[in-house]
2 protein chains.
Amino acid sequence: MSKQAAPLTLADVTAEVFCCQPLAQHRVPAETAALLAPAFKALGDPVRLQLMSMIASAEGGEACVCDLTPAFNLTGPTISHHLKTLREAGLVDAERRGTWVYYRARPAVLRQLAALLSIEPATAS
Amino acid sequence: MSKQAAPLTLADVTAEVFCCQPLAQHRVPAETAALLAPAFKALGDPVRLQLMSMIASAEGGEACVCDLTPAFNLTGPTISHHLKTLREAGLVDAERRGTWVYYRARPAVLRQLAALLSIEPATAS
DNA sequence: TGTCTGTTTCGACAGACGTCGAGACAGTGG
DNA sequence: CCACTGTCTCGACGTCTGTCGAAACAGACA
């Protein structure tokens, strides 16, 4: 059961725990890169980027698949596939409540990614 | 010459000009998603994430391909391919000086991406 | 000029990705 | 219990991606 072999993804990480120095200050080590790259890859599709935004900006902090799907000219299975990708990347959590499934963003993970990309205004400017 | 058809990438944008509201505050419109997704996609590979970091954190703000390549167990052409990807994503600029080619990060673009992912600490928490 | 080193382009290949249709599963309501 | 709706999984398809080796290109230097 406990597949130790699985390379450990962001989805497993509590995200508060581990930390990222800004990209431009310290070289990202290989393990960190391997951990974080899938999250960026997940955001690297226009549809998923919009999905992520719709979920993160939804009032109440969560969005129903039934609201997400009609916003695109794509079939249900395709949207579901993209949502799964976001889930596996650790960017969102899903919860079923009755008939509908709700997705909500994981702010801590987004913050980590933002911190990694952050660039301090040039020293003393 | 002026291929209007070309969908306009981040590499063309001055990056100071256009702006990104944080993902979690306003829905990212489709055009913005199409513009920014390639940048995230480019960062969505562990090798490129490390390359980006090595370039951005290099002293003098630039890194030589000759320093980048030996840091990976990959062939020269492969590294060159990844650097091209970063270039086309608008994340880095390249300049040839004599024998060597130097890459430097485009901080404005990184800042844009960071701003997009940034999450304000929950209002009054 | 010719040769050498550093970098990129080209062509090829296996594997991953985005999309779809069909079907399976979950919950609600008759 | 059965039908209906919402969501996900499965299998398939064409395309894109990461990697390589071979070859082309660019500068430096003898």
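C66(A) is partly exposed in this predicted model, with a relative accessibility of 37%. This cysteine does not stand alone, for C66(A) is joined to C64(A) by a disulfide. The sulfur atoms of C64(A) and C66(A) lie 2.3 Å apart. The partner cysteine, C64(A), is buried, because its relative accessible area of 4% falls under the limit of 20%. The torsion about the S-S bond of C64(A) and C66(A) is about 125°, and the disulfide is therefore right-handed.

How many disulfides does a search of the whole structure find? Over all chains, the search finds two disulfides. Besides the link in chain A, a disulfide is formed by C64(B) and C66(B). The link of C64(B) and C66(B) is right-handed, with 125° about the S-S bond. In chain B, C64(B) is buried, whereas C66(B) is partly exposed. The table sets out the cysteines of both links.

| Disulfide | Sulfur to sulfur distance | Relative accessible area |
|---|---|---|
| C64(A) and C66(A) | 2.3 Å | C64(A) 4%, C66(A) 37% |
| C64(B) and C66(B) | 2.3 Å | C64(B) 4%, C66(B) 37% |

**The fold of chain A**

Chain A contains five helices and three strands. Along the sequence, these elements follow the pattern α-α-β-α-α-β-β-α. Chain A has 125 residues, and 44% of them are buried. Contacts between residues at least 6 apart in sequence can also be considered: in chain A, 63% of these contacts join residues at least 24 apart.

**Helix packing in chain B**

Two packed helices are described by the angle between their axes and the distance between the axes. In chain B, helix α2 (residues 46-56) packs against helix α4 (residues 76-88) at an angle of about 75°. The axes of these two helices are 10 Å apart. Because angles from 65 to 115 degrees count as roughly perpendicular, α2(B) and α4(B) are roughly perpendicular to each other. On the side of α2(B), the contact is made by V47(B), R48(B), L51(B), M52(B) and I55(B). On the side of α4(B), the contact is made by I79(B), H82(B), L83(B), T85(B) and L86(B). By class, this contact of α2(B) with α4(B) has seven nonpolar residues, two polar residues and one charged residue.

Another pair of helices in chain B is α1(B) and α5(B), the latter spanning residues 107-117. Their axes cross at roughly 100° and come within 11 Å. The helices α1(B) and α5(B) are therefore roughly perpendicular to each other. Which residues of α1(B) meet α5(B)? They are L36(B), A39(B), F40(B) and L43(B), and the residues they meet in α5(B) are L113(B), L116(B) and L117(B). By class, the contact of α1(B) with α5(B) has seven nonpolar residues, no polar residues and no charged residues.

R106(B) is found in the loop between β3 (100-105) and α5 of chain B. Is R106(B) buried or exposed? R106(B) counts as buried, because its relative accessibility of 16% is under 20%. Leaving aside residues up to four places away in sequence, R106(B) touches L10(B), A11(B), V13(B), G90(B), L91(B), V92(B) and D93(B). One of these residues, L91(B), is 15 residues from R106(B) in sequence, and the two are 5.6 Å apart in space, C-alpha to C-alpha.

**How the two chains are related**

Two copies of a chain are related by a rotation about an axis and a shift along it. Here, a turn of 180° and a shift of 0.0 Å along the axis lay chain A on chain B with an RMSD of 0.0 Å. That is the relation of a two-fold axis. Of the interface residues of chain A, 100% are also interface residues in chain B, so the copies meet through the same surface.

Individual residues show contacts between the chains. R27(A) lies in the segment before α1 (30-43) of chain A. With 56% relative accessibility, R27(A) counts as exposed. Its neighbours within four places in sequence aside, R27(A) is in contact with S53(B), M54(B) and S57(B).

In chain B, A24(B) lies in the segment before α1 (30-43). A24(B) is partly exposed, with a relative accessible area of 24%. Not counting residues up to four places away in sequence, A24(B) touches A56(A) and S57(A). Within chain B, A24(B) and L117(B) are 93 residues apart in sequence, but their C-alpha atoms are 7.6 Å apart in space. L117(B) is also one of the residues of α5(B) that meet α1(B).

Key:
Residues are numbered from 1 along each chain as its sequence is written. Chains are lettered from A and ligands numbered from 1 in the order in which they are written. This is a predicted model: local features need pLDDT of at least 70, side-chain atom pairs count only at pLDDT 80 or more; totals for chains, interfaces and linings use all residues. Side-chain values use heavy atoms; hydrogens and water are left out. Axes are lines fitted to C-alpha atoms, for helices over the stretch in contact, and angles run from 0 to 180 degrees between N-to-C directions. Helices (H or I, at least four residues) and strands (E, at least two) are DSSP runs, numbered from the N terminus. Angles under 35 degrees count as roughly parallel, over 145 as roughly antiparallel, 65 to 115 as roughly perpendicular and the rest as oblique. Contact means heavy atoms within 4.5 Å. Ala, Val, Leu, Ile, Met, Phe, Trp, Tyr, Cys and Pro count as nonpolar, Asp, Glu, Lys and Arg as charged, and the others, Gly among them, as polar. A disulfide is a pair of cysteine sulfur atoms within 2.5 Å. Buried means under 20% relative accessible area, exposed over 50%, partly exposed in between (1.4 Å probe, protein chains only). Copies are superposed by least squares on the C-alpha atoms of residues with pLDDT of at least 70 in both.
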